[in-house]
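Thank you for making time this morning. I would like to take you through one structure, going from a single residue to a helix and then to a ligand site, so please have a look at it before I begin.

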Amino acid sequence: MSVQRNLLITGGAGFIGSHVVRRFVTTYPQYRIINLDALTYAGNLENLRDIENAPNYTFVKADICNADAVAKVFKDFAIDGVIHLAAESHVDRSITDPLAFVRTNVFGTVTLLNAAKEAWKGAYDGKRFYHVSTDEVYGSLHDGGFFTEETPYDPQSPYSASKASSDHFVRAYGNTYKLPFVVSNCSNNYGSHHFPEKLIPLMINNIRNNKPLPVYGKGENVRDWLWVEDHAAAIDTIFHTGVNGETYNIGGHNEWKNIDLVHLLCAIMDRKLGRAEGESAKLITYVTDRAGHDLRYAIDASKIERELGWRPSITFEVGLERTVDWYLANTEWLDHVTSGAYQQYYQAHYAQH
Ligand code: NAD
Ligand code: TYD
């Protein structure tokens, strides 16, 4: 089959990236998919075992901050499309080490933008740079309402400030160099292969191991949860049918207070593990709140629904059941990623609370 596109996906060994890589490799055999990932603590090639030998898939271990390595990939593979997901992604880590976030999320994104600009040299026909971002750039909602594509940026954490900066650079390259780009800003994802430093997999893992369930503050913060495979589907839709220069918000219409979500997970786990009702919830432990903790995120996803016809495919109830089932069937994956460096992170981070 002749190759129709040479697509660079960055961060493809991470949580969302691995779902995007899998979707593109299996849905588009006529595309060559190059997954560029530095394999930080969050990147794991185990996430892609099932497709690693696909003829249209290539993995390149490289850092997006390494301009020479990135330029070489553009040249060697004649890259004509980019889906950029590589990032430092955890708010708590950004509070401890903001510069790591500036480095990868800002410097790395600009390095990638430069590489695209230099490789494409203004011959932009058929080219596209897709930047994957977060709803956290809009800040925190306090009095109802939703984030739209017009909501002014108001990032509140080092993570969201670094993502906001990267979004600004992408748009600046569009304005200044006419680089063809699209941006999407998505709400919290959940699903398989999610690193257990984030709320849902951390709680599942701790319930499984009968460890305390650390709820920050009073547990009243609200997040809008979307199944990761629905995010991957939205990325596919936007990459193929989005309009250059546009931004699309992606969300699940699915707001949960953290404490309600943790109770729901406890109830599901009690059932799946054959524990007495209420048993797992006894593990809930309120701990010191996250510094500068955003109260509520909620996305108005009407633009992508109206203009591109995307909407979530499954309910939270179905998605959460599938997610819990995946972790319980893949305890080896959990044990593997929670050994070594994870233990040090966990002790250091939760000791402060
Ligand atoms: P993740 O932390 O699970 O994975 C990040 C990946 O990027 C890892 O594979 C890591 O090895 C790689 N990486 C990190 N630094 C790198 C570097 N310097 N060079 C090359 N590769 C590097 O992240 P995720 O949760 O899958 O998020 C992916 C993207 O989606 C991020 O840009 C994030 O901001 C965005 N996003 C995430 C969510 C969410 O709920 N997780 C929601 C909206 C948007
Ligand atoms: P997280 O998964 O880190 O995503 P984000 O901060 O990017 O939204 O956290 C989701 C919510 O859960 C957030 O309000 C912080 C809270 N949280 C806890 O209460 N305890 C925890 O151990 C973690 C990791 C998060």
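Let me start with Val132, which sits in strand E5, the run of residues 128–134. I should say at once that this is a predicted model, so please hear everything that follows as computed from that model.

Is Val132 buried or exposed? Val132 has a relative accessible area of 7%, and since buried means under 20%, Val132 counts as buried. If we leave aside residues up to four places away in sequence, Val132 touches Ile83, His84, Leu85, Lys163, Ser184, His231 and Ile235. Leu273, by contrast, is 141 residues from Val132 in sequence, and the two C-alpha atoms are 36 Å apart in space.

Now to helix H2, which covers residues 67–76, and whose buried residues are Val70, Val73 and Phe74. These three lie on the same side of H2, because they cover an arc of only 100 degrees around the axis. As a reminder, an α-helix has 3.6 residues a turn, so residues three or four places apart point the same way. On the other side of H2 we find Asp68 and Lys75, which are exposed. What, then, covers the buried residues of H2? The cover includes the strands E1 (5–10), E2 (31–37), E3 (57–61) and E4 (81–84), together with helix H4 (98–120).

The ends of H2 deserve a word as well. At the N-terminal end, Asn66 acts as a cap, with a side-chain oxygen 3.2 Å from the backbone nitrogen of Asp68, while H2 is followed by Ala78, whose phi is positive, near 45 degrees.

Finally, I turn to ligand 2, which has 18 residues around it, and of these Glu136, Arg223, Arg290, His293 and Tyr350 come nearest. In the side chain of Arg223, an N or O atom is 2.7 Å from an oxygen atom of ligand 2, and the side chain of His293 likewise places an N or O atom 2.7 Å from a ligand 2 oxygen. For Asn258, a polar side-chain atom lies 2.8 Å from an oxygen atom of the ligand. Taken alone, ligand 2 exposes 510 Å², and the protein buries 97% of that.

Which elements give two or more residues to the shell around ligand 2? They are helix H6 (199–208) and strand E8 (213–216), and E8 gives the most, with three residues. By character, the shell divides into eight nonpolar, five polar and five charged residues.

Notes: Residues numbered from 1 in each chain as written. Chains lettered and ligands numbered in written order. Predicted model: local features only at pLDDT ≥ 70, side-chain atom pairs only at ≥ 80, totals over all residues. Heavy atoms only, no water. Near = heavy atom within 4 Å. Polar contact = N/O pair within 3.5 Å; in protein donor to acceptor, adjacent residues only side chain to side chain. Areas by Shrake-Rupley, 256 points an atom, 1.4 Å probe, with all protein chains shown as cover. Helix = DSSP H or I, 4+ residues; strand = E, 2+ residues; numbered from the N terminus. Nonpolar A, V, L, I, M, F, W, Y, C, P; charged D, E, K, R; others polar. Buried < 20%, exposed > 50% of the residue type's maximum accessible area, 1.4 Å probe, protein only. Arc of directions from axis to C-beta. Contact = heavy atoms within 4.5 Å.
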